[in-house]
Amino acid sequence: MATSSFFHPSVAFLMMAAILPFLPGNRRWKWLLLLPPLAAIYAAFNNQPGDHLTLQWLGQTLKLGHVDSLSSIFAQVFAIMSLAGLIYSLHVNDKGQHVAALLYVAGGFGCVLAGDYLSLFAFWELMSLGSTFLVMLNRTPESVRAAFRYFLYHTVGGLILLAGILLRYRLTNSFDFGPIASGGAILPDWLILIGFCVNAAVVPLHAWLPDAYPRGTVTGSVFMCAFTTKTAVYVLARAFPGWEILAIAGTIMAIYGVLYASMENNARRILSYHIVSQVGYMVAGIGVGTAMTINGASAHAYAHILYKGLLFMGAGAVLYSAGTQRLDELGGLAARLPWVMVLYMVAALSISGMPLFNGFVSKTMTIAGAAEAGHTWVALGLELAAVGTFISVGLKLPYFAFWGGKPTNWSRELKPIPANMYAGMAILAILCFLQGVYPEILYRYLPFQAAVHEYHPWTSWNVIQALNILGFSGLAFYLLRKVIAPHKALNLDFDLFYRLIGRTILFFICRPLAFFDNIWTNVWNAVGLRILKGLGKLTSVFDLRVIDFIVDGSARDVKRVGQLGALAQNGRLQQYLGLAVFLALVILAVLWYW
Amino acid sequence: MPPHGENLGFLAKFLAAQLTADRIKFWRRVFFGALILVAALSLVIANHHPHFGYDQYPLFWSVFGALVGLAMVLLVKKIIQPMIKRSEDYYGDL
């Protein structure tokens with residue numbers, strides 16, 4: 001599936017996912033995992049702009065490889081993140097987790113390179129399936145339940161998106177995936193927007209994220225935090241730039257996320273809420289919709305994938321080593337896990353927008369762009385969120401995880417952290433630093449090159465302003481460190497309503513079903529059983545005389561078939577989903593080579 | 001120090017040694033010194049692009065950081081969380 005100037009990264013990931021289960025189990029296969037990301041990095045930096053891999057289906061032209069300046073920058077950072085993420089997970093023996101991650105990443109690349117709504121939708125669903133497995137394969141009862149909720153929620157979101165796509169097709173007779181003007185928006189456009197907003201975790205559709213991500217596998221959540229929401233940011237930037245409602249929604253997200261992050265106790269849930277906040281910056285930038293803010297949103301997505309991946313890696317390393325991610329059970333670990341702490345702090349300072357790190361060159365661009373476009377309130381809201389960011393993710397989480405006012409905890413059993421986890425973190429930390437010091441290596445790939453020169457992060461005032469905001473919000477944390485101390489609690493969020501809706505639907509389905517089931521049982525007891533008994537007597541005579549003689553041999557075969565059948569319908573969601581992905585890929589392959 | 005006298009890397013040794021009362025006092029001084037320094041520098045270096053009106057005044061961003069930080073933490077921990085807090089297994093899973 002490669003032309004002279006184009007290679008689709010998803011192909012490499014899908015092929016790896018297909019062959020991995022059949023490789024012999026001596027662990028040498030793990031090095032092969034690095035091939036797809038390397039191929040993806042090569043492709044992302046060398047693919048030529050244009051429409052590649054077009055195919056005719058149902059009278060439509062599907063464009064699987066749409067390359068332009070916006071899709072390129074996302075493909076690049078996805079490729080880099082997939083390499084760091086796979087290095088971080090090299091020690092994992094569970095092939096299932098790797099296959100899930102590979103499928104998921106393949107879906108991410110497919111979405112970013114999709115030139116039409118149909119192929120976008122196909123890869124969108126592939127992502128949703130892959131990520132469901134990344135949560136489920138944590139193999140605890142709570143993560144299986146969370147995965148089920150996650151899958152249900154994304155299926156509903158996907159169906160809303162599909163409804164929008166199909167309605168839009170009926171009106172416009174095209175699946176073209178391009179900018180939609182906010183002026184004459186019609187119902188299908190809104191449905192598509194809602195479908196996208198589910199994955200972008202726009203408040204109040206966001207609660208799936210802090211529900212699922214803290215319960216994923218240590219390595220799986222590293223992938224998830226990078227791809228789902230940022231794919232959604234990409235599709236929003238492509239289809240809905242300049243939609244005022246997104247500027248408002250993004251600002252609300254930015255503040256909402258930090259408020260919850262400040263009260264949470266679970267380290268990875270703090271980071272999850274903080275994804276909501278950070279994606280808010282990007283959504284707001286897209287909503288403002290000037291060249292500078294779209295640049296800012298893209299730059300922020302790029303920087304965010306790197307440092308959020310690193311944050312999840314750091315928190316994951318603490319969880320892996322200490323066995324808990326609850327802050328109130330941690331503390332006194334700075335000298336026990338010193339390099340985890342340092343690498344985490346690089347990410348924490350990056351996300352806070354500290355000069356020298358990449359958040360400083362991306363976040364400030366979005367804020368300045370919003371202010372210059374006259375969206376003063378958006379800019380001010382984002383500055384507010386920046387204070388909360390530093391307090392929650394930059395200070396609270398590391399302080400209570402690594403210090404917490406406790407002496408060094410020498411007696412705590414810590415599982416040694418494998419070298420590959422450190423390697424994955426180091427790659428991202430170096431990139432966070434390099435982009436902060438040399439913004440050009442990020443800015444040169446931004447979609448609107450003409451607008452890049454409008455903004456210079458490294459002015460003396462920008463540096464002093466950032467240091468003042470961060471320093472004095474640090475003072476606030478110092479004064480209130482006893483007040484903000486986390487403790488065990490569940491903080492109600494919008495998932496309360498999702499669960500209510502789910503239960504209501506279940507109620508309305510279950511009641512009639514139970515009613516008919518009852519009637520049927522009574523009828524059966526009264527009539528059916530009597531008839532059966534009569535028949536049974538007759539057949540037992542026949543059986544004794546004739547059948548026993550013939551059947552004994554075939555009974556064993558029947559039993560074997562029955563066991564196979566039972567295996568196929570055991571109600572295990574993961575196997576059905578796996579089968580669905582497999583069939584979908586086979587159908588895609590057949591279509592492709594038809 | 002570790003009970004078994006195991007070998008520590010330089011970073012672990014350094015971090016372990018920072019938890020004495022003296023060193024904590026030292027780091028506190030460094031922190032407050034840095035705050036005074038950046039606040040003073042913001043008086044010297046002019047803001048050529050005030051966006052919000054009030055940010056043309058000196059020390060606006062220092063006061064903004066401190067006040068927003070204090071207000072946000074107090075709002076979240078003293079008002080919001082007490083209202084929406086439930087036991088950890090409220091939904092039946094931890």
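Student: Let's start with the strands. What do β3(A) and β4(A) form, and which residue in the turn has a positive phi?

Tutor: They form a hairpin, with 2 residues between the strands. The turn residue to look for is A:Leu58, whose phi is about 50°. Keep in mind that this is a predicted model.

Student: How do β3(A) and β4(A) run, and how many bridges join them?

Tutor: Follow one strand out and the other back: β3 of chain A covers residues 50-57, β4 of chain A covers residues 60-67, and the two run antiparallel. There are 7 bridges joining them. For one place to put your finger, A:Gly50 stands opposite A:Val67 in β4(A).

Student: Now a single residue. Is A:Val77 buried or exposed, and why?

Tutor: The idea is to count neighbours: 20 or more other C-beta atoms within 10 Å make a residue buried. A:Val77 has 25 such neighbours, so it counts as buried. You'll find A:Val77 in helix α3 of chain A, residues 69-88.

Student: Which residues is A:Val77 in contact with, leaving aside those within four places in sequence?

Tutor: Those are A:Tyr302 and A:Ile305. Look at A:Leu306 too: 229 residues separate A:Val77 from A:Leu306 in sequence, yet their C-alpha atoms are 7.9 Å apart in space.

Student: What share of such contacts in chain A join residues at least 24 apart?

Tutor: Counting contacts between residues at least 6 apart in sequence, the share is 82%.

Student: Let me zoom out. How many helices and strands does chain A have?

Tutor: Chain A has 21 helices and 5 strands. Of its 594 residues, 55% count as buried.

Student: Why does the radius of gyration of chain A agree with a compact globule?

Tutor: You compare the value with what a compact globule of that length would have. For 594 residues that is near 25 Å, and chain A has 27 Å, so the two agree. Along the principal axes, the C-alpha atoms of chain A fill a box of roughly 100 × 65 × 50 Å.

Student: Which domains does the assignment give for chain A?

Tutor: Domain 1 takes 1-239, domain 2 takes 241-491 and domain 3 takes 495-593. Where domain 1 and domain 2 of chain A touch, 36 residues come from domain 1 and 46 residues from domain 2. On the domain 1 side, the elements giving two or more residues are α3, α8 and α9 of chain A. The helix that holds A:Val77 shows up again here, as α3(A) gives the most to that side, with 12 residues. By type, that side of domain 1 has 25 nonpolar, 10 polar and 1 charged.

Student: And between the chains, how many residues does the contact take from chain A and from chain B?

Tutor: It takes 44 residues from chain A and 43 residues from chain B. On the chain A side, α19(A) gives the most, with 15 residues. That side divides into 31 nonpolar, 10 polar and 3 charged. There is strand pairing across the chains as well: 2 bridges join β5(A) to β1 of chain B, residues 85-86, and these strands run antiparallel. In β1(B), B:Arg86 is the bridge partner of A:Leu490.

Student: What ipTM and pTM does the predictor give the complex?

Tutor: The ipTM is 0.94 and the pTM is 0.88. Chain B averages a pLDDT of 89, and 93% of its residues score at least 70. As a reading habit, don't take predicted coordinates in detail where pLDDT is low.

Note on methods. Residues are numbered from 1 along each chain as its sequence is written. Chains are lettered from A and ligands numbered from 1 in the order in which they are written. This is a predicted model: local features need pLDDT of at least 70, side-chain atom pairs count only at pLDDT 80 or more; totals for chains, interfaces and linings use all residues. Helices (H or I, at least four residues) and strands (E, at least two) are DSSP runs, numbered from the N terminus. A residue is buried if 20 or more other C-beta atoms lie within 10 Å of its own, exposed if 12 or fewer, and partly exposed in between; C-beta atoms are placed from the backbone. Two residues are in contact if their C-beta atoms, placed from the backbone, lie within 7 Å. Two strands pair if DSSP finds at least two bridges between them. pLDDT is the predictor's confidence in each residue, from 0 to 100. Domain bounds come from an automatic or database domain assignment. Ala, Val, Leu, Ile, Met, Phe, Trp, Tyr, Cys and Pro count as nonpolar, Asp, Glu, Lys and Arg as charged, and the others, Gly among them, as polar. The radius of gyration is taken over C-alpha atoms; the globule rule is 2.2 Å times the number of residues to the power 0.38.
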